[in-house]
Amino acid sequence: MTCPCGSEMVFEKCCGPFLSGEALPDSAEKLMRSRYTAYTRSEIDYIKTTMVPEAREGFDAEATRQWAQGSKWKGLQIVGTKKGGPDDSTGMVEFIATYEKDGNGLDHHEVSQFRKTQKGQWLFVDGEAHEHKEGEGHHHAEKPVTVKREGTKIGRNDPCHCGSGKKFKKCCAAA
């Protein structure tokens, strides 16, 4: 099977060893690709363990699993990278993940930040994301269209809007 990350390599020689824990990605881009592959396979434990510890607090694995399973993953495009190589301690990966949710084709355009631990493991720190209808407004030279919030802003210390009873910063803001 070809790896879902778009490398055109077989899964077993690409993201498979990362998801199984047999190997660690040696770059921020490889970690990003393996995290995309984990979403396509609903392997949410991998998503959580590849986050920096401070981002894991309040991570809702079950809600993330339901979202991933309810999405039809269509492809990944790496737009660009900055640092993130084997000799770096930080890195950035800009990507577009195309998927379908509730019959709508969507492009998830994100600039993600990564850092490497002292033991050499790359971890996801956070990302700035924008959603577009599939095929619209995601060309590299164009500025992404920011999703505009409707309604009032939820503060980090306000109760989460999902009804979990947790503070927003410990719940959906951490996802």
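**Salt bridges and ring pairs in a predicted model**

This predicted model holds seven salt bridges.

Reader: Which residue of helix H2 forms a salt bridge with Glu29, about one turn of the helix away?
Author: Glu29 is partly exposed, with a relative accessible area of 26%. Its partner also lies in helix H2, four residues apart from Glu29. That partner is buried at 18%, because buried means under 20%. The closing contact is 3.0 Å, N to O, and the residue is Arg33.

Reader: How far apart are the closest N and O atoms of Glu43 and Arg41?
Author: Glu43 is partly exposed at 27% relative accessible area. Arg41 is partly exposed as well, with 35%. The two form a salt bridge in which the closest N and O atoms are apart by 3.0 Å.

Reader: How many residues apart in sequence are the parts tied together by Lys74 and Glu100?
Author: The side chains of Lys74 and Glu100 meet in a salt bridge of 3.8 Å, N to O. Lys74 lies in strand S1 (residues 71-83) and Glu100 in strand S2, so the pair ties together parts whose separation in sequence is 26 residues.

Reader: Which residues are joined into one network by salt bridges that share partners?
Author: Side chains of opposite charge can pair when their charged atoms come close. Here, salt bridges with shared partners make one network of Asp45, Glu62 and Arg65.

Reader: Why is the pair of Trp67 and Tyr99 classed as it is, and what is the class?
Author: There are seven aromatic pairs in the model. In this one, the ring centres are 5.7 Å apart and the planes stand at 75°. Planes over 60 degrees apart fall in one class, so the pair is edge-to-face.

Reader: Is Tyr99 buried or exposed?
Author: The pair links distant parts of the chain, with Trp67 in helix H5 (residues 61-69) and Tyr99 in strand S2 (residues 90-101), 32 residues apart. Trp67 is partly exposed at 31% relative accessibility. Tyr99 has 4% relative accessibility, so Tyr99 counts as buried.

Reader: Which strand holds Phe124, the partner of Phe114?
Author: Phe114 and Phe124 form an edge-to-face aromatic pair, 5.8 Å centre to centre with 70° between the planes. Phe114 is buried at 2%, and Phe124 is buried at 11%. Phe114 lies in strand S3 (residues 104-116), 10 residues apart in sequence from Phe124, which lies in strand S4.

Methods. Residues numbered from 1 in each chain as written. Predicted model: local features only at pLDDT ≥ 70, side-chain atom pairs only at ≥ 80, totals over all residues. Heavy atoms only, no water. Phe/Tyr/Trp six-rings, centres within 6.5 Å; stacked < 30°, edge-to-face > 60°. Helix = DSSP H or I, 4+ residues; strand = E, 2+ residues; numbered from the N terminus. Buried < 20%, exposed > 50% of the residue type's maximum accessible area, 1.4 Å probe, protein only. Salt bridge = Lys/Arg side-chain N within 4 Å of Asp/Glu carboxyl O.
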